[in-house]
Amino acid sequence: MKAIVFGATGAVGRTLVPQLVESDKWSTVLCVARNEPEEWKQYLSKGKLQVQVEKDMDRLFKTEEWVFNGYDAIFVCFGSQVKHGEETFVKVDKTYPLLCADIAIKNKIPHYLLVSSTGGDTSSMLLYLRTKGEVERDLKLKKLQMLSILKPGLIKNRPDARFG
């Protein structure tokens with residue numbers, strides 16, 4: 001199978017990518033990321049991992065040139081922090097995942113997987129939980145062939161400490 005990973009350089013993506021590459025189930029793993037982590041060099045030589053470096057995700061999502069023929073799954077692991085501002089947080093944690101869903105639909109990618117969060121609720125007073133609830137709700141309204149919403153608890157392997 002062939003996978004696309006968005007948000008591959010964050011805490012979840014950095015754990016997911018090696019697992020996909022090392023699995024016999026995946027023949028191709030394409031990561032769309034703002035940079036190429038040094039630890040990926042070992043996987044690039046094997047030919048299974050491909051990296052599309054995109055410094056400007058806003059520009060990337062404005063293009064209609066998305067062509068991903070023959071991919072089986074799209075993993076969406078985007079994540080920002082509320083401390084970067086409400087607008088940035090909502091763009092990264094809601095807008096980008098919804099645009100990825102449009103990419104999946106347009107390219108007939110059968111399985112869309114979103115890493116969300118425990119406690120997402122559209123009526124929450126907390127921006128973080130409300131945004132997570134809204135993106136989950138909106139994804140369920142799209143015409144995705146198969147949707148998996150993964151809701152982990154606290155993620156501890158972050159390079160940056162977070163309050164929670």
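Contact, as the term is used for the residues discussed here, means heavy atoms within 4.5 Å. In these terms Leu113, a residue of strand S5, touches Ala73, Ile74, Phe75, Val76 and Ser148, residues up to four places away in sequence being left out of the count. The structure is a predicted model, and every value reported below is computed from it. With a relative accessibility of 11%, Leu113 counts as buried, because the limit for that class is under 20%. Leu113 and Ser80 are 33 residues apart along the chain, and their C-alpha atoms are separated by 18 Å.

The strand that holds Leu113 belongs to an open sheet of 6 strands, in which the order is S3-S2-S1-S4-S5-S6 and the pairing is parallel. The edges of this sheet are formed by S3 (49-53) and S6 (146-150), each of which has a single partner strand, so that one side of each is left without a neighbour in the sheet. On average, and with direction ignored, neighbouring strands of the sheet are turned by 15 degrees against each other. Within the sheet, strand S4, comprising residues 73-76, pairs with strand S5, comprising residues 111-115, in the parallel sense and over 4 bridges. Val76 has Leu114 as its bridge partner in S5.

A second buried position in a strand is provided by Leu30, which is found in strand S2 (residues 28-33) and has a relative accessible area of 7%. Leaving aside residues up to four places away in sequence, Leu30 touches Ala3, Ile4, Val5, Gln50, Val51, Gln52, Phe68 and Tyr71. Of these contacts, the one with Phe68 joins residues that are 38 residues apart in sequence, with a C-alpha to C-alpha separation of 9.9 Å in space.

Among the helices, H1 (residues 11-22) has as its buried residues Ala11, Gly13, Leu16, Val17, Pro18, Leu20 and Val21. The elements that cover these residues include the strands S1, S2, S3 and S4, together with helix H2 (41-44).

Helix H4 (86-106) has 21 residues and reaches 29 Å from its first C-alpha to its last, a span close to the 30 Å expected at 1.5 Å a residue. The helix nevertheless bends, by about 35 degrees, at Val92. Val92 is itself one of the buried residues of H4, which also include Phe89, Asp93, Lys94, Tyr96, Pro97, Leu98, Cys100, Ala101, Ile103 and Ala104. The cover over the buried residues of H4 includes strand S1 (2-6), helix H3 (57-62), S4, S5 and H5. H4 is followed by Lys108, which lies in the loop between this helix and S5. Most residues other than glycine have a negative phi, whereas Lys108, although not a glycine, has a positive phi of about 55 degrees. Lys108 counts as exposed, because its relative accessibility of 61% is over 50%.

Helix H5 (residues 127-141) lies across S5 and S6, and runs at about 170 degrees to S6. One of its residues, Glu134, is buried, with a relative accessible area of 18%. Residues up to four places away in sequence again being excluded, Glu134 touches Lys94 and Thr122; of these two, Lys94 is listed among the buried residues of H4.

The structure holds 8 aromatic pairs. In one of them, the rings of Phe89 and Tyr128 have their centres 5.6 Å apart and their planes at 35 degrees, so the pair is classed as tilted. Because Phe89 lies in helix H4 and Tyr128 in helix H5, this pair ties together parts that are 39 residues apart in sequence. The accessibility of the two partners is as follows: Phe89 is buried, with a relative accessible area of 0%, whereas Tyr128 is partly exposed, at 32%. Elsewhere, Phe6, Phe61, Phe78 and Tyr96 are linked into a cluster by ring pairs, and Tyr96 is among the buried residues of H4.

Key: Residues numbered from 1 in each chain as written. Predicted model: local features only at pLDDT ≥ 70, side-chain atom pairs only at ≥ 80, totals over all residues. Heavy atoms only, no water. Pairing = 2+ DSSP bridges. Axes fitted to C-alpha atoms, helices over the stretch in contact; angles between N-to-C directions. Buried < 20%, exposed > 50% of the residue type's maximum accessible area, 1.4 Å probe, protein only. Expected span 1.5 Å × (residues − 1). Bend = angle between axes of the 7 residues up to and from the residue. Phe/Tyr/Trp six-rings, centres within 6.5 Å; stacked < 30°, edge-to-face > 60°.
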